[in-house]
Amino acid sequence: MAKVGEEEPPTSSMNNPPSSYILLLNIMSKRRTWACLFLLVYGTLLASSWNFLNSMLSWYNLQAQQSSTASGWPAIYASVILGTVFGLLSMVAALIVMIPAVLVTWITIVVLLAFFGKPKRTLVVEGRKITREIFVFVVKILLKEGNVVAAVCAVLGYFALVRRNGTQGDIVE
């Protein structure tokens, strides 16, 4: 029994986090885990985008067969949809890569601030400001690059659909 004024030592359950948490932390701290996650997400995005591209081309073929006039509206619609989808997919893929990069940048800046002798309270406040600034900066870049990818895909898709439609008649395969 402890005397008055003495604290009892904390129990081992309070000091040790659950083993599942430690296992998850060990797995997520490995570089190869992030690389595998990146490849998994990219592979999923590529497979789904390939299926979407095939379904969009099938829709375009159906529209080209049904229309009696050589209208360019189905090609414009298909290219805008394709550009939008591929722009969003590129932003999602870049977001997956961005998370560990932003985390490393944030840790580096906070450690440098600590080396310069900032108090702990100041580190917390500065860390929150830095996190917000880094996140806003990276999201702006993501949106800008996603829009560029969307525009390029839409323009290339339109010219590809119109060119194929012109060389193969009304049916694009």
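L113 is found in helix α4, where a helix is a DSSP run of H or I with at least four residues, a strand is a DSSP run of E with at least two, and both are numbered from the N terminus. The model is predicted: local features need pLDDT of at least 70, side-chain atom pairs count only at pLDDT 80 or more, and totals for chains, interfaces and linings use all residues. Residues are numbered from 1 along each chain as its sequence is written, and side-chain values use heavy atoms, with hydrogens and water left out.

**L113 and helix α4**

L113 has a relative accessible area of 16% and is therefore buried; the cut-offs are under 20% for buried, over 50% for exposed and in between for partly exposed, with a 1.4 Å probe and protein chains only. Leaving aside neighbours within four places in sequence, L113 is in contact (heavy atoms within 4.5 Å) with K118, L123, E126 and I130. One of these, E126, is 13 residues from L113 along the chain, and the two C-alpha atoms are separated by 8.6 Å.

Helix α4 covers residues 73-115, which is 43 residues. The expected span is 1.5 Å times one less than the number of residues, so α4 should span 63 Å; the C-alpha atoms at its ends are 61 Å apart, which agrees. At M98 the helix bends by about 30 degrees, and the proline P100 follows within four residues. The bend is the angle between axes fitted to the seven residues ending at a residue and the seven starting there. Just after α4, G117 has a positive phi of about 85 degrees.

**The whole protein**

The protein has five helices and zero strands. Its elements, read from the N terminus, run α-α-α-α-α. Of the 173 residues, 20% are buried. Among contacts between residues at least 6 apart in sequence, 73% join residues at least 24 apart. The accessible surface comes to about 13100 Å², and carbon and sulfur atoms hold 69% of this area. Accessible areas come from the Shrake-Rupley method with a 1.4 Å probe, and for residues only the protein chains shown count as cover.

**Residues of helix α5**

V155, L156 and L143 lie in helix α5. The table gives the accessibility of each and a C-alpha to C-alpha distance to a partner.

| Residue | Relative accessibility | Class | Partner | Separation in sequence | C-alpha distance |
|---|---|---|---|---|---|
| V155 | 44% | partly exposed | I76 | 79 residues | 9.0 Å |
| L156 | 56% | exposed | L82 | 74 residues | 10.0 Å |
| L143 | 45% | partly exposed | S90 | 53 residues | 10.0 Å |

**The second largest pocket**

A pocket is found on a 1 Å grid over the protein atoms alone, as an open set of points with protein on both sides within 12 Å along at least five of seven lines; lining residues have an atom within 4 Å of a point. The second largest pocket has a volume of about 190 Å³. Ten residues line this pocket, and the closest to its centre are L53, L82, F86, C153 and G157. Two or more lining residues come from each of α3 (31-66), α4 and α5 (120-167). Helix α5 gives the largest share of the lining, six residues. The volume is the space filled by probe spheres set on the grid points, which are joined across faces, edges and corners.

Methods:
On a 1 Å grid over the protein atoms alone, a cavity is a set of points where a 1.4 Å probe fits but cannot get out, and a pocket is an open set with protein on both sides within 12 Å along at least five of seven lines; lining residues have an atom within 4 Å of a point.
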